[in-house]
Amino acid sequence: MPNVNVNILVPQGALYTATSGQSIGTDGCATCVGVIFSLQDGSRVCAHFDSAIPGTNSDQTDEIINQTRGIIEANIPGVVTNVRACTTAPLTQSTGAIWATILSLYADATINTNVNGIYS
């Protein structure tokens, strides 16, 4: 993917907020999930979710779900109006658990599984 010029480039395993007028994004989401949460106040939160836990059994999947939910609930302020995500990994194991958690919290969330970067 070519370099994209944004005000805030979110690295793997991080979560940052951009105010209205700033651009934000993340790339390299080949085995991770990049997400942009658009908030009612015009700000956006970009997260680059990854997991050291492989998610190969139900105990691991449950742990990934709980961790992802906790991160979102602790760090996404205000009313979310739109959620867009990306990954080029199959939606199985840890990547699938991360995406399933996001989708359970935001039923209208969308994911593009053909790109490894997301920008707004």
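Let me start with β2 and β5, residues 44–49, which in this predicted model pair in the antiparallel sense over 4 bridges. If you look for a register mark on that pair, take Leu15, which stands opposite Ala47 in β5.

These two strands belong to an open sheet of 5 strands, whose order is β2-β5-β4-β6-β7 and whose pairing is mixed. At the edges stand β2, residues 15–18, and β7, residues 110–112, and because each has a single partner strand, one side of each is left without a neighbour in the sheet. On average, and ignoring direction, neighbouring strands of this sheet are turned by 20 degrees against each other.

What makes the pairing mixed can be followed along the order of the strands. β4 and β6 pair in the antiparallel sense over 6 bridges, and there Gly34 stands opposite Cys86 in β6. β6 and β7, on the other hand, pair in the parallel sense over 3 bridges, with Arg84 having Thr110 in β7 as its bridge partner.

Now to the helices that lie on this sheet. Helix α1, residues 58–75, lies across β2, β4 and β5, and runs at about 160 degrees to β5, while helix α2, residues 93–105, lies across β4, β5, β6 and β7 and runs at about 15 degrees to β4.

Let me stay with α1 for a moment. The helix has 18 residues and reaches 26 Å from its first C-alpha to its last, which is close to the 26 Å expected at 1.5 Å a residue. Which residues of α1 are buried? They are Ile64, Thr68 and Ile72, and, seen down the axis of α1, the buried residues fall within an arc of 60 degrees, so they line one face of the helix. The general background is that an α-helix has 3.6 residues a turn, so residues three or four places apart point the same way. As for what this face meets, the buried residues of α1 pack against β4, β5 and α2. The face turned away from the buried side of α1 carries the exposed residues Ser58, Asp59, Asn66, Glu73 and Ala74. At the start of α1 there is also a detail worth putting on the screen, namely a side-chain oxygen of Asn57 that reaches to within 3.1 Å of the backbone nitrogen of Asp59.

From the side of α2, the residue I would point to is Thr101, which has its place in that helix. Is Thr101 buried or exposed? Its relative accessibility is 1%, and since the cut-off for buried is under 20%, Thr101 counts as buried. If we leave aside its neighbours within four places in sequence, Thr101 is in contact with Ile65, Thr68 and Arg69. Thr68 appears here once more, having already been named among the buried residues of α1. For contrast, Ala100, which is also found in helix α2, is partly exposed, with a relative accessible area of 40%, and the C-alpha atoms of Ala100 and Gly117, 17 residues apart along the chain, are separated by 19 Å.

There is a further sheet to describe. An open sheet of 3 strands has the order β1-β3-β8, again with mixed pairing. Here β1, residues 8–9, and β8, residues 118–119, stand at the edges, each with a single partner strand, so that one side of each is left without a neighbour in the sheet. β1 and β3, residues 24–26, pair in the parallel sense over 2 bridges, and Ile8 stands opposite Ile24 in β3.

Finally, two loop residues. Where does Cys29 lie? It is in the loop between β3 and β4, where Cys29 is buried, with a relative accessible area of 0%. Not counting residues up to four places away in sequence, Cys29 touches Gly34, His48, Cys86, Thr87, Thr88 and Asn116; among these, Gly34 and Cys86 are the residues that stand opposite each other in the β4 and β6 pairing. Cys29 and Thr87 are 58 residues apart in sequence, yet 5.1 Å apart in space, C-alpha to C-alpha.

Gly21, by contrast, sits in the loop between β2 and β3 and is exposed, with a relative accessible area of 79%. The C-alpha atoms of Gly21 and Asn7, which are 14 residues apart along the chain, are separated by 9.4 Å.

Methods: Residues are numbered from 1 along each chain as its sequence is written. This is a predicted model: local features need pLDDT of at least 70, side-chain atom pairs count only at pLDDT 80 or more; totals for chains, interfaces and linings use all residues. Side-chain values use heavy atoms; hydrogens and water are left out. Two strands pair if DSSP finds at least two bridges between them. Axes are lines fitted to C-alpha atoms, for helices over the stretch in contact, and angles run from 0 to 180 degrees between N-to-C directions. Contact means heavy atoms within 4.5 Å. The expected span of a helix is 1.5 Å times one less than its number of residues. Buried means under 20% relative accessible area, exposed over 50%, partly exposed in between (1.4 Å probe, protein chains only). The arc is that of the directions from the helix axis to the C-beta atoms. A polar contact is a pair of N or O atoms within 3.5 Å; within protein, one must be able to donate a hydrogen and the other to accept it, and residues adjacent in sequence count only if both atoms are side-chain atoms.
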